Amino acid sequence: QERLVETGGGVVQAGDSLRLVCAGSGRSFSRLSMGWFRQAPGKEREFVAVISWNGSGPRYADSVKGRFTISRDNAKNMNYLQMNSLKPEDTAIYYCAADINYPIPPNPEYWGQGTRVTVSS
């Protein structure tokens with residue numbers, strides 16, 4: 001069992017930055033791929049970013065590539081999503097997810113409860 005808790009969301013203006021943090025409490029964290037998904041109001045959940053168990057081969061949605069960076073610190077059971085140059089269309093609830101597979105599938109084994117990001121123009 002891996003519990004995931006996201007923090008770092010908030011209300012910011014366009015062009016600002018936020019860093020989301022996903023804290024894992026299980027013992028299998030270092031063996032799992034970690035990812036981020038988001039769900040905007042009135043829209044379906046979409047993939048944002050994923051990173052492998054050893055931090056290699058990160059992948060990003062085209063909409064965030066060049067602006068967002070995913071990273072992890074297995075010694076601290078932490079996964080990070082650094083979000084720069086935020087746009088109003090980035091407004092969504094962001095969910096941390098984990099799965100043994102890489103790339104992370106659309107139905108990952110573990111989910112966090114989400115953290116809300118609101119970007120005003």
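Phe-37 is buried in this predicted model, with a relative accessible area of 4%. Its ring is a good place to start, since Phe-37 belongs to a cluster that ring pairs build together with Phe-47, Tyr-95 and Trp-111. From there we can look at two other residues of strand 4, Ser-33 and Gly-35, and then at an open sheet of 4 strands.

**The aromatic cluster**

- The model holds 3 aromatic pairs.
- In one of them, the ring centres of Phe-37 and Trp-111 are 5.3 Å apart and the planes meet at 55°, so this pair counts as tilted.
- Phe-37 sits in strand 4 and Trp-111 in strand 10 (residues 110-111), so their pairing ties together parts of the chain that are 74 residues apart in sequence.
- Trp-111 also pairs with Tyr-95: here the centres are 6.3 Å apart and the planes stand at 90°, which means an edge-to-face arrangement.
- Tyr-95 comes from strand 9 (residues 92-99) and Trp-111 from strand 10, so this link spans 16 residues in sequence.
- How buried or exposed are the two partners of that pair? Tyr-95 has a relative accessible area of 18% and is buried, because the cut-off for burial is under 20%. Trp-111, at 31% relative accessibility, is partly exposed.
- The ring of Phe-37 has a charged neighbour as well: Arg-45 lies over its face, 5.4 Å from the ring centre.

**Ser-33 in strand 4**

- Ser-33 lies in strand 4, which covers residues 33-39.
- With 3% relative accessibility, Ser-33 counts as buried.
- Which backbone atom does the side chain of Ser-33 reach? The partner is the backbone oxygen of Asn-101, at 2.9 Å.
- Asn-101 also appears among the residues that Ser-33 touches beyond four places in sequence. That list runs through Ala-97, Ala-98, Asp-99, Ile-100, Asn-101 and Tyr-102, and it includes Ile-51, Ser-52 and Trp-53 as well.
- Arg-72 and Ile-104 are further contacts of Ser-33.

**Gly-35 in strand 4**

- Gly-35 is another residue of strand 4, and its relative accessibility of 0% makes it buried.
- Setting aside neighbours within four places in sequence, Gly-35 is in contact with Ala-49, Val-50, Ile-70, Asn-79, Tyr-95, Cys-96, Ala-97 and Ile-104.
- Tyr-95, one of these contacts of Gly-35, is also a member of the aromatic cluster.
- Ala-97 and Ile-104 are in contact with Gly-35, and Ser-33 touches both residues too.
- For a distance along the fold, the C-alpha atoms of Gly-35 and Tyr-60 are separated by 9.6 Å, while the two residues are 25 apart along the chain.

**The open sheet**

- In what order do the 4 strands of the open sheet lie? The order is 1-3-8-7, with antiparallel pairing.
- Strand 1 (4-7) and strand 7 (68-73) form the edges, each pairing on one side only.
- From one strand to the next, the twist averages 15°.
- Strand 7 and strand 8 (residues 78-83) run antiparallel and are joined by 6 bridges.
- Within this part of the sheet, Ser-71 stands opposite Tyr-80, a residue of strand 8.

Key: Residues numbered from 1 in each chain as written. Predicted model: local features only at pLDDT ≥ 70, side-chain atom pairs only at ≥ 80, totals over all residues. Heavy atoms only, no water. Pairing = 2+ DSSP bridges. Axes fitted to C-alpha atoms, helices over the stretch in contact; angles between N-to-C directions. Buried < 20%, exposed > 50% of the residue type's maximum accessible area, 1.4 Å probe, protein only. Polar contact = N/O pair within 3.5 Å; in protein donor to acceptor, adjacent residues only side chain to side chain. Contact = heavy atoms within 4.5 Å. Phe/Tyr/Trp six-rings, centres within 6.5 Å; stacked < 30°, edge-to-face > 60°. Lys NZ or Arg CZ within 6 Å of the ring centre and 35° of its normal.
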